[in-house]
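Biologist: I am new to this structure. Could you take me through some of its helices?

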Amino acid sequence: MENKRCFENRYADYTGALLSGQGNEAIVPVVIASIEKIMKKVPLDSSECDGGLYDGPAGVAYMLYYVSECPLFSKQRDTYLKNAKQIIDVSVKYVDREQDTNMRAAFLLGGAGIYAVAAMVYKAMGLSDFVKPLTKFRNLWEVCAPISFLECGSDELFVGRAGYLCAALVLKQRLGIEILSPEQIKAICHAIIDSGKQYARKKRKPFPLMYSYYGTEYLGAAHGLSSILQMLLSYQEVLSSGEKELVWQSVDFLMNQEQSCNWPAELGAIIQRENELVHWCHGAPGVAYLFAKAYLINKRPQYLDTCIRSGELVWQKGLLKKGPGICHGVAGSAYVFLLLYRLTGNSKYIYRAQRFAEFLFSDEFKIGSSSMNRIYSLFEGLSGTVCFLVDVLHPDKSEFPLFSVFV
């Protein structure tokens with residue numbers, strides 16, 4: 001029976017040699033051509049700036065900034081940064097007019113992410129103006145500190161507190177400065193933990209921390225438990241010993257929800273094999289980052305083993321039909337291989353990433369994959385794919401966009 005969600009992986013697995021045609025001379029021209037294609041599609045009107053970093057123009061600005069940081073594109077650096085500034089300036093104007101202050105604090109769908117990328121772009125260009133969006137970003141911490149600041153769920157990655165912390169982590173990594181004070185970080189982490197404790201108690205869960213988003217108890221990276229716990233681990237130095245214990249208990253609880261190398265989209269669901277989600281947003285390709293972070297902190301082998309099992313599932317079912325993007329597309333799957341390469345140093349994972357990159361340009365993929373509404377976007381379109389292709393060129397520094405586990 002044909003799988004509805006993925007193409008069959010017909011590639012032979014790694015036998016000790018990387019693909020010879022996947023070096024600089026092959027990928028660099030593809031990246032440059034893809035960026036030219038994206039720039040023809042991206043809107044530069046402030047009335048069309050919704051979607052934040054996820055599928056709005058601001059995500060393109062991040063991609064241009066990211067490519068400009070790679071030495072292989074030094075000739076294009078100034079042009080890419082200039083284009084990035086043009087896009088992010090319009091996005092900042094758009095979000096400055098946002099009446100809903102809660103949406104202004106959102107990472108992937110709102111203002112916090114846009115301000116963060118503006119600061120990165122301005123700093124890369126040597127502009128002292130980078131302090132302005134940084135200040136706007138920092139001032140948002142008070143918005144997301146109250147326990148129930150969003151009715152839909154205050155803690156997840158796209159619009160909630162975990163996302164705000166994630167943006168601060170990216171800024172620390174990219175600018176080399178801690179944007180929030182330890183007290184501010186502590187206040188947000190406490191709010192996440194209190195919120196999770198209250199929800200778990202109210203719903204009588206047999207584990208300490210749980211969350212819901214629009215009434216659904218998600219487990220995956222996009223809106224669920226895994227990315228929330230990942231952010232708490234990323235800031236574990238501000239947690240008390242009791243709070244750390246709750247976080248690690250919850251990490252182990254989530255590890256035990258695995259069903260044959262994958263996780264259901266929501267708590268308690270049974271995965272149907274013929275129709276399972278193997279996406280960054282829902283499933284193993286996103287949950288793997290939590291266990292990677294856990295492994296980097298305490299080196300317990302079961303966390304690495306969990307990541308490796310996730311990678312095996314992605315090799316089987318990660319050639320997705322939903323397009324090339326990083327949220328629920330082929331590039332998002334392939335990033336798991338680059339993560340595993342950084343964790344293990346095993347070149348098998350570079351080979352697998354190369355194969356997935358190759359598939360993105362195959363006739364089978366072009367004919368059989370879904371069409372995209374916003375072909376230029378970071379999470380659903382080509383901008384995320386471009387970041388992935390750049391990362392295939394330097395796997396030692398590769399990272400899923402805006403979702404670091406190595407800080």
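Modeller: This is a predicted model. A place to begin is Ser 91, which lies in helix α4, residues 77-96.

Biologist: Is Ser 91 buried or exposed?

Modeller: The cut-off for buried is under 20% relative accessible area. Ser 91 has a relative accessible area of 0%, so Ser 91 is buried.

Biologist: Which residues is Ser 91 in contact with, leaving aside its neighbours within four places in sequence?

Modeller: Contact means heavy atoms within 4.5 Å. With those neighbours left aside, the residues in contact with Ser 91 are Cys 49, Pro 57, Ala 58 and Ile 114.

Biologist: Turning to α10, how far does this helix reach from its first C-alpha to its last?

Modeller: Helix α10 covers residues 182-202, which is 21 residues. At 1.5 Å a residue, 30 Å is expected, and the reach of α10 is close to that, at 30 Å.

Biologist: Which helices do the buried residues of α10 pack against?

Modeller: The buried residues of α10 include Ile 185, Ile 188, Ile 192 and Tyr 199. The buried residues of α10 pack against α7, α8, α9, α11 and α12.

Biologist: Is α10 parallel, perpendicular or oblique to α12?

Modeller: The axes of α10 and α12 come within 11 Å and cross at roughly 55°. Angles from 65 to 115 degrees count as roughly perpendicular and those under 35 as roughly parallel. The crossing angle therefore makes α10 oblique to α12.

Biologist: Which residues make that contact?

Modeller: From α10 come His 190, Ile 193 and Lys 197. The residues of the contact divide into three nonpolar, one polar and two charged. On the α12 side, the residues are Glu 243, Leu 246 and Val 247.

How values were computed: Residues are numbered from 1 along each chain as its sequence is written. This is a predicted model: local features need pLDDT of at least 70, side-chain atom pairs count only at pLDDT 80 or more; totals for chains, interfaces and linings use all residues. Side-chain values use heavy atoms; hydrogens and water are left out. Helices (H or I, at least four residues) and strands (E, at least two) are DSSP runs, numbered from the N terminus. The expected span of a helix is 1.5 Å times one less than its number of residues. Buried means under 20% relative accessible area, exposed over 50%, partly exposed in between (1.4 Å probe, protein chains only). Axes are lines fitted to C-alpha atoms, for helices over the stretch in contact, and angles run from 0 to 180 degrees between N-to-C directions. Angles under 35 degrees count as roughly parallel, over 145 as roughly antiparallel, 65 to 115 as roughly perpendicular and the rest as oblique. Ala, Val, Leu, Ile, Met, Phe, Trp, Tyr, Cys and Pro count as nonpolar, Asp, Glu, Lys and Arg as charged, and the others, Gly among them, as polar.
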